[in-house]
Amino acid sequence: EKKLEFLHPPTSFVQVVDGVYCAGTIYPNNFRFLKRLGLCMVVTLSPDATLKAVDDFYQQNDIRHVPLGFEIQRTHDGSVDQLINESLGLLLDKENYPILFHSTS
């Protein structure tokens, strides 16, 4: 008997354009879904720490994780302008595609 398995996208998941995605918080139950996207990069926009299981998933699947919100909070005192500028730089580099931007807030 074959067990039916469901894919669970992260909350608020959308495809913006081909190869560019946005989502809310990522949890382990989203891994099967995310694996199908073949992501090269995940950019975390919120300053919150990433779950260890999520970091492990990125490493195991050769996904570059950029905790941009955390870095901006630490180095630029949470500057929204700096967050936007660095996000756009990552977005404009097609070498990062497919890319997922996500935030926990």
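# Cores, sheet and ring pairs in a predicted model

In this predicted model, the largest nonpolar core has 14 residues, and those that touch the most other members are Ile-26, Leu-34, Leu-39, Val-42, Tyr-58 and Leu-100. Three elements give two or more residues to this core: strand β2 and the helices α1 (31-37) and α2. Helix α1 provides the largest share, 4 residues. A second, separate core holds 11 residues, among them Val-20, Met-41, Tyr-97 and Ile-99. In soluble globular proteins, nonpolar side chains tend to be buried together.

## The sheet

The strands form an open sheet of 5 members in the order β1-β2-β5-β3-β4, and their pairing is mixed. At the edges stand β1 (14-17) and β4 (64-66), each of which pairs on one side only. From one strand to the next, the twist averages 20°.

Helix α4, residues 80-92, packs on this sheet and touches β2, β3 (41-44), β4 and β5 (99-102). The direction of α4 makes about 160° with that of β5.

The pairing can be followed from β1 across the sheet. Strand β1 is joined by 3 bridges to β2 (residues 20-23), and the two run antiparallel. Within this pairing, Val-17 has Val-20 of β2 as its bridge partner, while Gln-15 is partnered by Tyr-21 of β2. The two strands form a hairpin with 2 residues between them, and Gly-19 in the turn has a positive phi of about 85°.

Strand β2 is also joined to β5, here by 4 bridges and in the parallel sense. Val-20 has Ile-99 of β5 as its bridge partner in this pairing. Val-20 thus has bridge partners in β1 and in β5, and both Val-20 and Ile-99 are included in the second core.

Strands β3 and β4 are parallel as well, with 3 bridges between them. In this pairing, Met-41 stands opposite Arg-64 of β4.

## The two faces of β3

Which residues of β3 point one way, and which the other? Met-41 and Val-43 point one way, Val-42 and Thr-44 point the other way, and all are buried. Met-41 is included in the second core, whereas Val-42 is listed in the largest core among the residues that touch the most other members.

Leaving out residues up to four places away in sequence, Val-42 touches Ile-26, Tyr-58, Ile-63, Arg-64, His-65, Val-66, Leu-100 and His-102. Of these neighbours, Ile-26, Tyr-58 and Leu-100 are also named among the members of the largest core.

## A buried serine

Beyond β3, the loop that leads to α2 (52-60) contains Ser-46. Is Ser-46 buried or exposed? Its relative accessible area is 2%, which is under the 20% limit, so Ser-46 counts as buried. The side chain of Ser-46 makes a polar contact with the side chain of Thr-104 at 3.0 Å. Apart from neighbours within four places in sequence, Ser-46 is in contact with Gly-69, Phe-70, His-102, Ser-103, Thr-104 and Ser-105. His-102 is also touched by Val-42.

## Aromatic pairs

The structure holds 4 aromatic pairs. A pair of aromatic rings is described by the distance of the centres and the angle of the planes. Two of the pairs are set out below.

| Pair | Arrangement | Centre to centre | Angle between planes |
|---|---|---|---|
| Phe-13 and Phe-33 | edge-to-face | 4.9 Å | 85° |
| Phe-31 and Phe-57 | stacked | 4.2 Å | 5° |

Phe-13 lies in the segment before β1 and Phe-33 in helix α1, so this pair ties together parts that are 20 residues apart in sequence. Phe-13 is partly exposed, with a relative accessible area of 21%. Phe-33 has a relative accessible area of 15% and is buried. Ring pairs link Phe-13, Phe-33 and Tyr-21 into a cluster; Tyr-21 is the β2 residue that serves as bridge partner of Gln-15.

In the stacked pair, Phe-31 belongs to helix α1 and Phe-57 to helix α2; the pair therefore ties together parts that are 26 residues apart in sequence. Both Phe-31 and Phe-57 are buried.

Notes: Residues are numbered from 1 along each chain as its sequence is written. This is a predicted model: local features need pLDDT of at least 70, side-chain atom pairs count only at pLDDT 80 or more; totals for chains, interfaces and linings use all residues. Side-chain values use heavy atoms; hydrogens and water are left out. Two strands pair if DSSP finds at least two bridges between them. Axes are lines fitted to C-alpha atoms, for helices over the stretch in contact, and angles run from 0 to 180 degrees between N-to-C directions. Contact means heavy atoms within 4.5 Å. Buried means under 20% relative accessible area, exposed over 50%, partly exposed in between (1.4 Å probe, protein chains only). A polar contact is a pair of N or O atoms within 3.5 Å; within protein, one must be able to donate a hydrogen and the other to accept it, and residues adjacent in sequence count only if both atoms are side-chain atoms. A nonpolar core is a set of buried Ala, Val, Leu, Ile, Met, Phe, Trp, Tyr and Cys residues joined through side-chain atoms within 4.5 Å. Rings of Phe, Tyr and Trp (its six-membered ring) pair if their centres lie within 6.5 Å; planes under 30 degrees apart count as stacked, over 60 as edge-to-face and the rest as tilted.
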